Amino acid sequence: MEIVISNQALKWFKEDIGLKSGDTLRFYTQIYGNSPVQKGYSLAFTVEEPVKVAVSSQMDGILFYIEADDLWFFDGHDLHIEYDEKEDELEYKYVKP
């Protein structure tokens with residue numbers, strides 16, 4: 001599994017969330033919502049230090065990661081994060097490798 005973040009999404013994280021080099025951002029599972037890979041669960045993120053990283057990607061000194069406890073959510077899919085300029089929001093895509 002891998003995390004792929006577009007340049008536009010990275011820019012959004014830096015400008016809207018205020019991330020900078022040295023920061024760490026975790027993608028985690030929420031018990032409500034829906035996603036294409038898990039009904040009744042959705043994806044969220046928070047700025048926090050990692051404990052047991054299963055998958056990570058680093059861009060401009062920022063570590064984006066998923067903890068081992070949340071790996072089940074992805075059901076073997078890669079996570080691609082893009083930015084939808086029209087909606088001014090992130091877009092999560094789950095891609096089977």
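**View 1. F27 and F64, a stacked pair.** In this predicted model, F27 and F64 are both buried. F27 itself has a relative accessibility of 0% and therefore counts as buried. The two residues form an aromatic pair described as stacked, with 6.4 Å from centre to centre and 20° between the planes. Because F27 lies in strand β2 and F64 in strand β5 (residues 62-67), this pair ties together parts of the chain that are 37 residues apart in sequence.

**View 2. F27 and F45, an edge-to-face pair.** The model contains 13 aromatic pairs in total. In the one shown here, the ring centres of F27 and F45 are 6.4 Å apart and the planes stand at 70°, so the pair is edge-to-face. F27 belongs to strand β2 (residues 24-30) and F45 to strand β3 (residues 42-47), so the pair ties together parts that are 18 residues apart in sequence. F45, with a relative accessibility of 26%, counts as partly exposed.

**View 3. The aromatic cluster around these pairs.** F27, F45 and F64 belong to one aromatic cluster, which they form together with W12, F13 and Y92.

**View 4. Q30 and its surroundings.** Q30 is found in strand β2, and with a relative accessible area of 16%, under the 20% limit, this residue is buried. The side chain of Q30 is joined to that of Y32 by a polar contact of 3.0 Å. When neighbours within four places in sequence are left aside, Q30 is in contact with G40, Y41, S42, L43 and A44.

Methods:
Residues numbered from 1 in each chain as written. Predicted model: local features only at pLDDT ≥ 70, side-chain atom pairs only at ≥ 80, totals over all residues. Heavy atoms only, no water. Phe/Tyr/Trp six-rings, centres within 6.5 Å; stacked < 30°, edge-to-face > 60°. Helix = DSSP H or I, 4+ residues; strand = E, 2+ residues; numbered from the N terminus. Buried < 20%, exposed > 50% of the residue type's maximum accessible area, 1.4 Å probe, protein only. Polar contact = N/O pair within 3.5 Å; in protein donor to acceptor, adjacent residues only side chain to side chain. Contact = heavy atoms within 4.5 Å.
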